[in-house]
Amino acid sequence: MTTIALIMAAGSGTRTGLDFPKQYLEMSGETVLRRTVRGFLDADGIDHVLVVINPRDEDLYKEAVAGLDLLPFAPGGDTRQDSVRNGLEALAPLAPDQVLIHDAARPFFTPDLINRCLAALKDHTAVLPAQPMVDTLKSVDGDRITGTVDRDSVVAAQTPQCFRYGPIMEAHERFRGRPVTDDIALAELAGIPVQWIAGEAGNTKITTREDVKIITSQELTDIR
Ligand code: C5P
């Protein structure tokens, strides 16, 4: 049984206001990318880690992962979906059984999340860590509120999104022209049943200027 973590790091992260991609931001003495990658290398049950990057960032990448034992990087594409497909294709020669697809910009997950994902993958083809909603959700039409969404019927999707390799590779190929924002959406399109498990409140994605301000203005305690 071969399990590979595919780390998505080919984005430019323009919403952060930084002049370089957010995965190369330093926090508590190491880059976001290095911390994310280490989380998978240190986890039980992960055989290899492959990072998908923008080849333009190769120097930043090499510096960020110096000394870590990784598969050769795969080049990203114009969209996250293209980047994931490139990464999955790069894994084909290794014929993995399972793949955990994770955003580099989520460095705060714990080993427990990986353990629970792998345990759930034993019985399911696709597994999504997700969080119940704490806020009340409203539907809108422009600046007008049109209704209240039943928050018990929705969850917020996180990564790693976890799959048997064959079915997700096939879904990516089959629906390559259909824009989606995560990999579970492709599993849905392909009719693959998806099991969700509890994510982690701390497993947030660094996305905005505010996120960057928070992680650079305070020395984070090591929560891993
Ligand atoms: O921009 P956003 O935060 O939604 O991106 C999620 C993840 O996907 C990031 O880790 C980013 O580096 C990655 N990505 C990618 N290739 C792209 C766009 C985003 O690997 N073309």
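A residue is counted as buried if 20 or more other C-beta atoms lie within 10 Å of its own, and as exposed if 12 or fewer do. The structure described here is a predicted model.

**Helix 5**

Helix 5 spans residues 165-174, and its buried residues are Tyr165, Ile168, Ala171 and His172. These four lie on the same side of the helix, because they cover an arc of only 140° around the axis. The face turned away from this buried side carries Glu173 and Arg174, which are exposed. The packing partners of the buried residues are helix 3 (80-91), strand 6 (98-103), strand 11 (161-164) and helix 6 (183-189).

**Surroundings of the ligand**

The ligand is surrounded by 18 residues, of which Met8, Ala10, Gly11, Ser83 and Asp103 are the closest. Strand 1 (3-9) supplies at least two residues of this shell, as does helix 3. By character, the shell comprises six nonpolar, eight polar and four charged residues.

**Backbone features in loops**

The peptide bond between Thr159 and Pro160 is cis, with omega about 10°. Pro160 belongs to the loop that connects strand 10 (155-157) and strand 11.

Two residues other than glycine have a positive phi, as tabulated below.

| Residue | Phi | Loop | Other C-beta atoms within 10 Å |
|---|---|---|---|
| Ser28 | about 45° | between strand 2 (26-27) and strand 3 (30-31) | 13 C-beta atoms |
| Ala95 | near 45° | between helix 3 and strand 6 | 9 C-beta atoms |

With 13 such neighbours, Ser28 is partly exposed. Ala95 has 9 and is therefore exposed.

Definitions and conventions: Residues numbered from 1 in each chain as written. Predicted model: local features only at pLDDT ≥ 70, side-chain atom pairs only at ≥ 80, totals over all residues. Arc of directions from axis to C-beta. Contact = placed C-beta atoms within 7 Å. Near = placed C-beta within 6 Å. Nonpolar A, V, L, I, M, F, W, Y, C, P; charged D, E, K, R; others polar.
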